[in-house]
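Me: I'm new to this one. Walk me through it, please, and keep it short.

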Amino acid sequence: MAALIAENFRFLSLFFKSKDVMIFNGLVALGTVGSEELFSVVAFNCPCSPARNYIYGLAAIGVPALALFLIGVIWNNHTWNLVAECHKRGTKNFSAAATFLLFGSIMGRASVAPITWSVISLLRGEAYICALSEFVKPSSLDKFPAEYGAEVLAKFPCRDVPTNLTKFRDEVTRRLRYESQLFGWLLIGIVAVLIFLTKCLKHCCSPLSYRQEAYWAQYRSNEDKLFRRTAEVHSRILAAKNVKQFFGFVALDKEEKELVQEFPVEGVQPSPQWNAITGVYIYRENKGFPLYSRLHKWAKGVEGNGPTPEGHELLFLAS
């Protein structure tokens, strides 16, 4: 039984590693769905007042979506690589294709949560009904009493209406929910088509074979993991040396003592090296050999950022 559990865990681990981007986007979408449900149950409360309904309804859909989009942009590593690239080197080495790919990658990943929020809000229909109930034309309702106007229609989402208007409230609610859900399904369809076309365009324009692109993705993932792990150990050992120099001793646990003994750290990397491995990276080849990252390029001693007689830029952005 233990062996079976271990084997299943190993399989899930490999699956998540190979599908990390897809799984991450799925988890973001699920988290957004849960947040939207919680918001609708706890926080959403239509004011049922003319002129306020519209602002409140649109804000309930748009403001959280905007916040989620900005958070997605902030969390994307490409955003800060772009900032570093512009700060250190400017944009003179960016072609139009590379710029389009870069912004497309940032905006695409950042749009997962806000689109999910908007779709769920539209499918539920509460915010849409709240926003547009007062704009329903009374003339479109059969035998609607002439003495009632927008003020009564604005109260339909709260069900606070005279008894003789109950059937009209149900009709307005049903009509607006239909429109809201229709827009929600259309948004899902449009997003699905855009994702499909983007995937097709990416693979059609890629200069790499499918296997090499998969290898490149594995390399980037492994390089990032090893770099972070090594940087954590390096910084810990360096901090231990500095603390020891200040106090005369340093309080280390058994594992940290083994690290200090096994990996001697003589100093820190100069700023030019950090700048060389930081920034946006576009796939390049040097003398026919691929350079998979800025770190790889630095390790091979390749200078410059643009195409040279010895280096060929293929304008393919790391996703």
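Reply: A word on labels to begin with. A helix here is a DSSP run (H or I) of at least four residues, and helices are numbered from the N terminus. Also, this is a predicted model.

Me: OK. What happens just after H10?

Reply: Gly248 comes there, with a positive phi of about 95°.

Me: And how far apart are the end C-alpha atoms of H10?

Reply: They are 55 Å apart. H10 has 38 residues, so at 1.5 Å a residue it should span 56 Å, and the two values agree.

Me: Which residues of H10 are buried?

Reply: Glu213, Trp216, Glu223, Val233, Ile237 and Ala240.

Me: New topic: pockets. What is the volume of the second largest pocket?

Reply: About 360 Å³.

Me: Which residues lie nearest its centre?

Reply: Phe227, Thr230, Gln269, Trp274 and Ile277. They belong to a lining of 14 residues. Helices H10 (210–247), H12 (271–276) and H13 (294–299) each give two or more residues to that lining.

Me: Which element gives the most?

Reply: H10, with seven residues.

Me: How do the lining residues divide into nonpolar, polar and charged?

Reply: Eight are nonpolar, five are polar and one is charged.

Me: Now cysteines. How many disulfides does the structure hold?

Reply: Two. One joins Cys46 to Cys130, with 2.1 Å from S to S. Cys46 sits in the loop between H2 (20–43) and H3 (52–75), and Cys130 in H7 (126–132), so this pair ties together parts 84 residues apart in sequence.

Me: Is that disulfide right-handed or left-handed?

Reply: Right-handed, because the torsion about its S-S bond is about 80°.

Me: Cys130, buried or exposed?

Reply: Buried, at a relative accessible area of 0%. Its partner Cys46 is buried too, at 10%.

Me: And what does Cys48 form with Cys158?

Reply: A disulfide, with the sulfur atoms 1.6 Å apart. This link also joins distant parts of the chain. Cys48 is in the loop between H2 and H3, while Cys158 is in the loop between H8 (150–153) and H9 (166–205), 110 residues apart. The link is right-handed, with 95° about the S-S bond.

Me: How do Cys48 and Cys158 sit, buried or exposed?

Reply: Cys48 counts as buried, at 9% relative accessibility. Cys158 counts as partly exposed, at 35%.

Me: What is the pairing if I number the bonded cysteines in sequence order?

Reply: It runs 1-3, 2-4.

Me: Why is there no bond between Cys200 and Cys204?

Reply: Their sulfurs are 6.2 Å apart, too far for a bond. The cut-off is 2.5 Å. Cys204 is the closest cysteine to Cys200, sulfur to sulfur, and Cys200 is the closest to Cys204.

Me: How accessible is Cys204?

Reply: Cys204 is exposed, with a relative accessible area of 67%. Cys200 counts as partly exposed, at 32%.

Me: Last thing. Where does UniProt place the "transmembrane region" feature?

Reply: The unreviewed UniProt entry puts it at residues 21–42, 54–75, 96–117 and 182–201.

Me: How much of 54–75 is helix?

Reply: That span is 100% helix and 0% strand, and its end C-alpha atoms lie 32 Å apart. Residues 182–201 are 100% helix and 0% strand as well, with end C-alpha atoms 28 Å apart.

Technical notes:
Residues are numbered from 1 along each chain as its sequence is written. This is a predicted model: local features need pLDDT of at least 70, side-chain atom pairs count only at pLDDT 80 or more; totals for chains, interfaces and linings use all residues. Side-chain values use heavy atoms; hydrogens and water are left out. On a 1 Å grid over the protein atoms alone, a cavity is a set of points where a 1.4 Å probe fits but cannot get out, and a pocket is an open set with protein on both sides within 12 Å along at least five of seven lines; lining residues have an atom within 4 Å of a point. Grid points are joined across faces, edges and corners, and a volume is the space filled by probe spheres set on the points. Ala, Val, Leu, Ile, Met, Phe, Trp, Tyr, Cys and Pro count as nonpolar, Asp, Glu, Lys and Arg as charged, and the others, Gly among them, as polar. UniProt positions are given in the numbering used here, feature names are shortened, and annotations may be inferred rather than shown by experiment. The expected span of a helix is 1.5 Å times one less than its number of residues. Buried means under 20% relative accessible area, exposed over 50%, partly exposed in between (1.4 Å probe, protein chains only).
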